[in-house]
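Open the model in your viewer and keep the selection panel at hand. The stops below go from the whole assembly to single residues.

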Protein chains: 2
Amino acid sequence: MDRPVEPGHFSACEARLDKHMAGLCSVDFPVAVVLPAGGSGERTGLLTPKQFCTFLNRPLISYTIQTFERVPWIQSIVVVVAKESLDLMMDIIHRFHHRNVLVVHGGSTRHRSIFNGVRALSEGEDGTARVKPKVVIIHDAVRPFVEEDFLLKITMAAKEQGAAGAIRPLVSTVIATTLEGYLDHSLERTKYRASEMPQGFIYDVIYQAYQRCSESDFEFGTECLHLALQYCGTNAKLIEGPPTLWKVTYKRDLAAAESIVKETLSQSACVVTGGSAQATELANALQRSMSALDMEVDVISDLIGDNAKSLSKEWNFIQLSVNSSCFSEVGRILGALEEADRALLHPVVIIWVYLNVSEDGSSASEPTGGEPAAMMELATGAKLGNILVYGIQLHHSKEATLWGRSVEKVAQMSCALIRDRSPALTGQLLQA
Amino acid sequence: MDRPVEPGHFSACEARLDKHMAGLCSVDFPVAVVLPAGGSGERTGLLTPKQFCTFLNRPLISYTIQTFERVPWIQSIVVVVAKESLDLMMDIIHRFHHRNVLVVHGGSTRHRSIFNGVRALSEGEDGTARVKPKVVIIHDAVRPFVEEDFLLKITMAAKEQGAAGAIRPLVSTVIATTLEGYLDHSLERTKYRASEMPQGFIYDVIYQAYQRCSESDFEFGTECLHLALQYCGTNAKLIEGPPTLWKVTYKRDLAAAESIVKETLSQSACVVTGGSAQATELANALQRSMSALDMEVDVISDLIGDNAKSLSKEWNFIQLSVNSSCFSEVGRILGALEEADRALLHPVVIIWVYLNVSEDGSSASEPTGGEPAAMMELATGAKLGNILVYGIQLHHSKEATLWGRSVEKVAQMSCALIRDRSPALTGQLLQA
């Protein structure tokens with residue numbers, strides 16, 4: 001069978017392990033994750049296996065890896081991929097700066113792949129022994145939204161009981177069919193559950209189960225919990241999980257996953273006023289309107305000193321300017337975001353809002369001819385770094401109703417731009 | 001139990017019935033549909049029951065009703081709703097011009113609601129007899145994407161066997177749990193199926209099954225096929241359905257449903273050139289670029305005579321103009337779409353592409369100052385009628401690379417505008 005590649009990654013994991021074992025969380029033993037990612041994706045109706053399908057510029061599997069990287073008490077992540085996807089996987093790890101990830105070749109079936117991953121946790125490519133984890137979590141590369149508290153429940157139950165698995169209520173009635181394709185009987189829904197991922201095992205339990213199981217289990221089996229029961233006598237503890245455990249199976253599920261990520265990314269924006277009274281007034285009005293549209297808005301005058309903290313939050317930015325272009329300000333935000341690698345995992349939106357105030361209250365002047373072109377150039381460069389820059393222009397009005405309508409429009413457009421994140425529309429100077 | 005409301009709707013169905021029975025399709029007997037829509041939507045995590053959740057300006061249940069209205073051999077649709085949703089449901093039927101829909105009060109459980117719907121097909125509100133259908137299809141309001149050919153299979157099998165139901169392979173392993181929450185055993189996946197909707201029944205079979213079944217069946221049962229087997233000895237024929245039968249259950253499923261509808265709506269655009277050579281050249285270039293982006297593009301010079309047929313297709317429009325505003329052309333498309341009620345069920349996109357050609361090849365002039373404002377006004381009015389108007393401006397260049405880049409940008413922006421359908425961005429004049 002195939003052996004792990006990139007053992008170099010692994011020593012780093014072992015080093016991190018001690019650090020975390022001394023940590024504060026209740027998990028005071030080493031935990032690793034195996035992510036089988038060898039599926040061919042037949043059911044999505046797409047050419048690319050679904051774990052490698054991309055939304056918001058990033059493949060699904062990278063979202064799943066990130067989920068585990070965020071959990072401080074998980075020491076290492078083993079991804080099991082088909083041989084033909086190995087280069088692609090290494091490229092993804094490199095591009096999105098994933099750490100503590102070991103990539104292992106898959107086997108010809110799901111169980112063979114998982115066993116390869118499990119074995120790589122205690123055995124080096126050359127057969128040398130490694131410090132095996134106490135508990136191993138087995139998950140799917142195509143279930144990106146599992147949460148830390150649920151992983152904790154599975155891990156603790158696995159440690160105590162030897163095995164634990166997520167279950168969900170059945171969505172449909174399950175029926176048995178006759179050989180001729182007729183209804184034989186239907187199962188009583190309350191007595192059965194759907195077995196989902198993640199599952200957790202004491203390392204020795206799952207390792208032994210795989211060593212003892214038959215070729216037929218390797219070939220046709222699907223359920224790790226079943227192997228633990230049959231070959232190690234370990235009855236898994238079953239824990240009801242949240243609906244977010246769901247598995248990306250069809251093309252439509254990719255749209256659903258994208259909508260979940262977009263919603264998370266679109267909840268907050270930081271408005272930078274530059275300090276002028278007019279900009280501050282506009283910022284406060286925007287804050288009210290955008291809050292009503294479910295966006296959390298923070299107003300700051302600049303990004304200097306303590307305010308620079310905003311750059312490290314998962315926020316989008318709205319830079320205001322009155323009667324003057326503020327490409328230097330936008331450029332400063334851009335530079336700071338790039339330096340902090342803020343757009344590595346998710347696109348970030350910057351909206352430049354240009355407030356046009358004419359002294360005499362008459363028809364206000366447009367920004368000078370060069371601005372749309374400069375704006376487009378800035379945005380084109382930013383897009384290469386996964387930062388989406390848009391502009392909105394509005395005219396000041398002394399008439400309260402008109403002014404209120406303009407502000408409302410800026411709020412709506414900003415929310416739409418942040419939510420949609422359309423790469424094709426970056427660099428546009430929109431009118432409110 | 002509750003009785004049907006709005007019997008007036010019903011006589012229309014009976015009248016249509018004769019017409020269709022004489023039709024060409026293989027279904028030469030009357031077929032009706034019952035759509036239980038009384039769910040409370042707890043699982044979506046939304047306040048509105050999911051069948052009434054809206055995407056692209058229309059509630060989910062209207063998409064499902066439309067699916068059945070498109071099938072010529074289905075004579076009538078009974079929607080069963082909770083009492084508190086009755087007004088909302090009548091409003092939806094009115095707003096989206098649904099025909100042949102009878103609305104019935106739901107009961108306290110799913111089976112009671114379905115029985116109310118089934119009974120309303122043979123009994124008027126006042127107890128008078130109605131011409132009952134031969135076959136009744138039972139479906140869910142929250143499965144909007146069922147296709148005609150599958151409905152035909154279910155209907156024909158129901159007529160022959162007395163009952164038929166859709167099945168799907170199990171997505172997860174099904175397990176039995178012990179009382180203490182441990183794994184008891186897992187089911188062999190190949191022997192079981194998930195029972196889905198639609199299901200079809202000879203009217204008398206399902207009617208009798210409901211008349212004979214117990215209070216406990218009404219209270220706790222979920223499976224109509226099971227009642228037909230138990231009380232009428234009818235073994236349902238099981239037919240494997242496509243993944244599109246899936247049920248909108250969670251909030252994320254609404255995003256998935258929206259993406260499916262958007263994809264369907266975003267496949268084609270009709271470019272209207274106005275006849276000039278320069279516009280025709282641009283149109284042909286756009287056709288090439290947009291085809292590469294999976295958009296079917298038709299080029300016509302105007303919408304007069306035979307070309308007017310394009311207005312009745314499910315297409316979006318791109319109106320080109322060279323060196324002149326073409327609000328009158330856009331206005332004409334708008335008027336024609338409104339007259340044909342084209343935007344009743346789905347928003348339609350019109351993009352005005354303004355090609356700026358300067359005689360001397362120097363920096364081209366902007367459109368006159370009034371145009372952005374006039375454009376916004378036009379778009380604001382159109383939006384009320386569910387038509388989304390956007391503008392794109394581009395400058396002609398004699399330099400082939402520059403020109404090619406501009407055309408490519410118009411193509412990309414047009415595809416993005418048609419795909420995203422953002423109401424907040426209508427009326428904008430974008431730069432290519």
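Start with the contact between the two chains, keeping in mind that this is a predicted model. Select the residues of each chain that touch the other: chain A contributes 60 residues and chain B contributes 60 residues. In chain A, A:Tyr182, A:Leu183 and A:Arg252 lose the most area to chain B, and together they make up 13% of what that side buries. Show these three as sticks before moving on.

Next, look at the interface as a whole. About 5,200 Å² is buried between chain A and chain B, and 57% of this lies on carbon and sulfur atoms. Do the copies meet through the same surface or through different ones? They meet through the same surface, because 100% of the interface residues of chain A are interface residues in chain B as well.

Now turn to the symmetry. Chain A superposes on chain B after a rotation of 180 degrees with 0.0 Å of shift along the axis, and the RMSD is 0.0 Å. The two copies are therefore related as by a two-fold rotation axis. To find this axis in the viewer, select A:Ala256: among the residues of chain A, its C-alpha comes closest to the axis, at 2.4 Å.

Go on to the polar side of the interface. Across it there are 29 residue pairs in polar contact, and 2 salt bridges are found there. For a salt bridge between the chains, select A:Lys251 and B:Glu263; their side chains meet with N and O 3.2 Å apart. Then colour helix H9 of chain A, residues 251-265, which gives the most to the side touching chain B, with 7 residues. Coloured by class, that side of chain A shows 28 nonpolar, 17 polar and 15 charged residues.

The next stop is a pair of strands that crosses between chains. Select strand E10 of chain A (residues 192-202) and strand E8 of chain B (residues 173-177): they pair in the antiparallel sense over 4 bridges. Within this pairing, A:Arg193 stands opposite B:Ile175.

Stay on strand E10 of chain A and select A:Glu196, which lies in this strand. A:Glu196 forms a salt bridge with A:Arg143, with the closest N and O atoms 2.7 Å apart. This pair links distant parts of the chain: A:Arg143 sits in the loop between strand E6 (135-138) and helix H5 (148-161), and the two residues are 53 apart. Over all chains, the count of salt bridges comes to 22.

Step along to A:Pro198, also in strand E10 of chain A. The peptide bond from A:Met197 to A:Pro198 is cis, with omega near 5 degrees. Switch to chain B, where B:Met197 and B:Pro198 are likewise joined by a cis peptide bond, with omega about 5 degrees. B:Pro198 lies in strand E10 of chain B, residues 192-202.

The last stop is a backbone angle in chain B. Select B:Asp294, in the loop between helix H10 (277-292) and strand E13 (296-300). B:Asp294 is not a glycine, yet its phi is positive, at about 70 degrees.

Definitions and conventions
Residues are numbered from 1 along each chain as its sequence is written. Chains are lettered from A and ligands numbered from 1 in the order in which they are written. This is a predicted model: local features need pLDDT of at least 70, side-chain atom pairs count only at pLDDT 80 or more; totals for chains, interfaces and linings use all residues. Side-chain values use heavy atoms; hydrogens and water are left out. Copies are superposed by least squares on the C-alpha atoms of residues with pLDDT of at least 70 in both. Contact means heavy atoms within 4.5 Å. Buried area is the accessible area (1.4 Å probe) that two parts lose on being put together, summed over both. A salt bridge is a side-chain nitrogen of Lys or Arg within 4 Å of a carboxyl oxygen of Asp or Glu. A polar contact is a pair of N or O atoms within 3.5 Å; within protein, one must be able to donate a hydrogen and the other to accept it, and residues adjacent in sequence count only if both atoms are side-chain atoms. Ala, Val, Leu, Ile, Met, Phe, Trp, Tyr, Cys and Pro count as nonpolar, Asp, Glu, Lys and Arg as charged, and the others, Gly among them, as polar. Two strands pair if DSSP finds at least two bridges between them.
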